[in-house]
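Trainee: I would like a close look at one part of this model. Please take a helix and follow its contacts and charged pairs in one connected account.

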Amino acid sequence: MEIDDYIVATDSRLVELASEGDQQAFEYLFTRYREALMRLFEQRLDDKTVASDLLQETFIKVYLHLDSYSKNFTFGQWIYTIARNTLVDHLRRRADDVPIDERFRSPQATTPTPEESVIISQSQSHFYAALDELSEEYRRIIEMRFIEEYSYEEIADKLCKPINTIKTQIRRARQAVCKLILEKE
């Protein structure tokens, strides 16, 4: 067969020729479907190396099973089904590589346990009780830094004080709060 004949041949004709051992016919089938199948694998996997491996695996399966191709389906449908099954097999194998402990591990809890809730509540009540015992100046600076979450610079601007003074006052106020909390426990 001439090269022009391969180019215009239908998929069915190329399958027929490839089944009879015509390597060039199979190469034309490969060329026709390579890019579409590669895109399929790359979209699903986001890894070009693995996608390339799966493309090769797909065409090996196609080559080995050309004799089982049924003309009830288009060649495109048949090869796409093989590609999809190859992808599914790969994903299953990859899932099997995950240790059994990982597969059945429960997700990390995002809410505190009842015990943690009690501890948090007690800690907060100790904190606010200690805060009430501080001087007005220290209480305000602790509230601004840790409750309202102002930066050191913002606190310095609002209180019209140098930033180093603010840092020192926050450190002293924290020490005072910690001392008061420890005394209550």
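Mentor: What follows starts from one residue in a helix and works outward to its partners and to other parts of the chain.

The model is a predicted one. Take T86, which lies in helix α5, residues 75-96. With a relative accessibility of 0%, T86 counts as buried, because the limit for that class is under 20%. The side chain of T86 reaches back to the backbone oxygen of I82, at 2.8 Å. Neighbours within four places in sequence set aside, T86 is in contact with L54, E57, T58 and K61.

One of those contacts, E57, also has a charged partner in α5. R93 forms a salt bridge with E57, and the closest N and O atoms are 3.8 Å apart. This pair links distant parts of the chain, with R93 in helix α5 and E57 in helix α4 (residues 48-64), 36 residues apart. Unlike T86, which is buried, R93 is partly exposed at 40% relative accessibility, and E57 is partly exposed at 24%.

The structure holds 11 salt bridges. Another one joins K161 to E137, with 2.7 Å between the closest N and O atoms. Here too the pair links distant parts of the chain: K161 is in the loop between α9 and α10, E137 is in helix α8 (residues 136-147), and the two are 24 residues apart. K161 is partly exposed, with a relative accessible area of 26%, and E137 is partly exposed at 41%. Returning to the α5 region, salt bridges that share partners join E57, K61, D89, R92 and R93 into one network. E57 and K61 in that network are also among the contacts of T86.

A pair within one helix serves for comparison. R13 forms a salt bridge with E16, the closest N and O atoms being 2.9 Å apart. R13 and E16 are 3 residues apart in helix α2, so about one helical turn separates them. R13 is partly exposed at 35% relative accessible area, and E16 is partly exposed at 33%. The buried residues of α2 (residues 11-19) are D11, L14, V15, L17 and A18. These cover an arc of only 165° around the axis, and therefore sit on the same side of α2. Just after α2, G21 takes a positive phi of about 100°.

Key
Residues are numbered from 1 along each chain as its sequence is written. This is a predicted model: local features need pLDDT of at least 70, side-chain atom pairs count only at pLDDT 80 or more; totals for chains, interfaces and linings use all residues. Side-chain values use heavy atoms; hydrogens and water are left out. Helices (H or I, at least four residues) and strands (E, at least two) are DSSP runs, numbered from the N terminus. Buried means under 20% relative accessible area, exposed over 50%, partly exposed in between (1.4 Å probe, protein chains only). A polar contact is a pair of N or O atoms within 3.5 Å; within protein, one must be able to donate a hydrogen and the other to accept it, and residues adjacent in sequence count only if both atoms are side-chain atoms. Contact means heavy atoms within 4.5 Å. The arc is that of the directions from the helix axis to the C-beta atoms. A salt bridge is a side-chain nitrogen of Lys or Arg within 4 Å of a carboxyl oxygen of Asp or Glu.
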